[in-house]
Amino acid sequence: MRNTLQRAAVLNDLKHRSDHPTAEMVYKTVKNDIPNISLATVYRNLRGLTRDEEILSFTQNGKEHFDGNTVPHVHLCCKSCGRIEDLMLTKESFEKMDFPEDFLVRNIVVEGLCKDCRQKRRTSEASDIADVSDIEEIEAEETEKRAVNE
């Protein structure tokens, strides 16, 4: 792929951000510097940069994300809120994972729930339990009233 102004702008954008953007997010940023750039051009350059291993690409929650950091690392992805964080591992840590020698690992995606979403879930579950106990209390009171009236 030839080096163009558009390609350089897309690569520069990715190298200066840590939010793992989608193509649309890159487009919005690059459009500020190159107003006549099209979304198709951004996609084409992202594909070329990924193919040439100048950036990383991975899919999370059905959307393709891009990363200008090509040092082998782990992407921690929350399945609930979509937050993505980098977890940098030492070379020794990667070696301990015992990947086949003929397999070059550049990116690992780990899906789970972030701390905030786990807390929200606990709070929601506690609220649901409170709602059930409230209902049980009301039902008990109504049963008591019926028993007194009978």
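**Close-up views of salt bridges and a nonpolar patch**

**View 1. The pair E85 and R83.** With a relative accessibility of 36%, E85 falls in the partly exposed class. The model shown here, as in every view below, is predicted. A salt bridge joins E85 to R83, and 2.7 Å separates the closest N and O atoms. R83 is likewise partly exposed, its relative accessible area being 34%. Values between 20% and 50% fall in the partly exposed class.

**View 2. R83 with D116.** R83 also takes part in a salt bridge with the side chain of D116, at an N to O distance of 3.4 Å. R83 sits in the loop between β3 and β4 (84–88), whereas D116 belongs to helix α5 (residues 115–149), so this contact ties together parts of the chain that are 33 residues apart in sequence. The relative accessible area of D116 is 43%, which means that D116 is partly exposed.

**View 3. The network of R7, R51, D52 and E54.** These four residues are joined into one network by salt bridges that share partners. Side chains of opposite charge can pair when their charged atoms come close. Across the structure, the number of salt bridges is 9.

**View 4. R47 and E64.** R47 and E64 form a salt bridge in which the closest N and O atoms are 2.9 Å apart. The bridge links distant parts of the chain: R47 comes from helix α3 (residues 39–51) and E64 from strand β2 (residues 63–67), with the two positions 17 residues apart in numbering. R47 has a relative accessibility of 39% and therefore counts as partly exposed. For E64 the value is 27%, so E64 also counts as partly exposed.

**View 5. The nonpolar surface patch of L76, L87 and V110.** L76, L87 and V110 make a nonpolar patch on the surface, with an area of about 200 Å². L76 is located in strand β3, which covers residues 73–78. Why can L76 count towards a patch? Patch members need over 30% relative accessible area and no salt bridge. The relative accessible area of L76 is 33%, so L76 passes the accessibility cut-off and is classed as partly exposed.

Technical notes: Residues are numbered from 1 along each chain as its sequence is written. This is a predicted model: local features need pLDDT of at least 70, side-chain atom pairs count only at pLDDT 80 or more; totals for chains, interfaces and linings use all residues. Side-chain values use heavy atoms; hydrogens and water are left out. Patches are made of residues with over 30% relative accessible area and no salt bridge: like charges are joined within 9 Å, nonpolar side chains (Val, Leu, Ile, Met, Phe, Trp, Tyr) within 5 Å. Accessible areas come from the Shrake-Rupley method with a 1.4 Å probe; for residues, only the protein chains shown count as cover. Helices (H or I, at least four residues) and strands (E, at least two) are DSSP runs, numbered from the N terminus. Buried means under 20% relative accessible area, exposed over 50%, partly exposed in between (1.4 Å probe, protein chains only).
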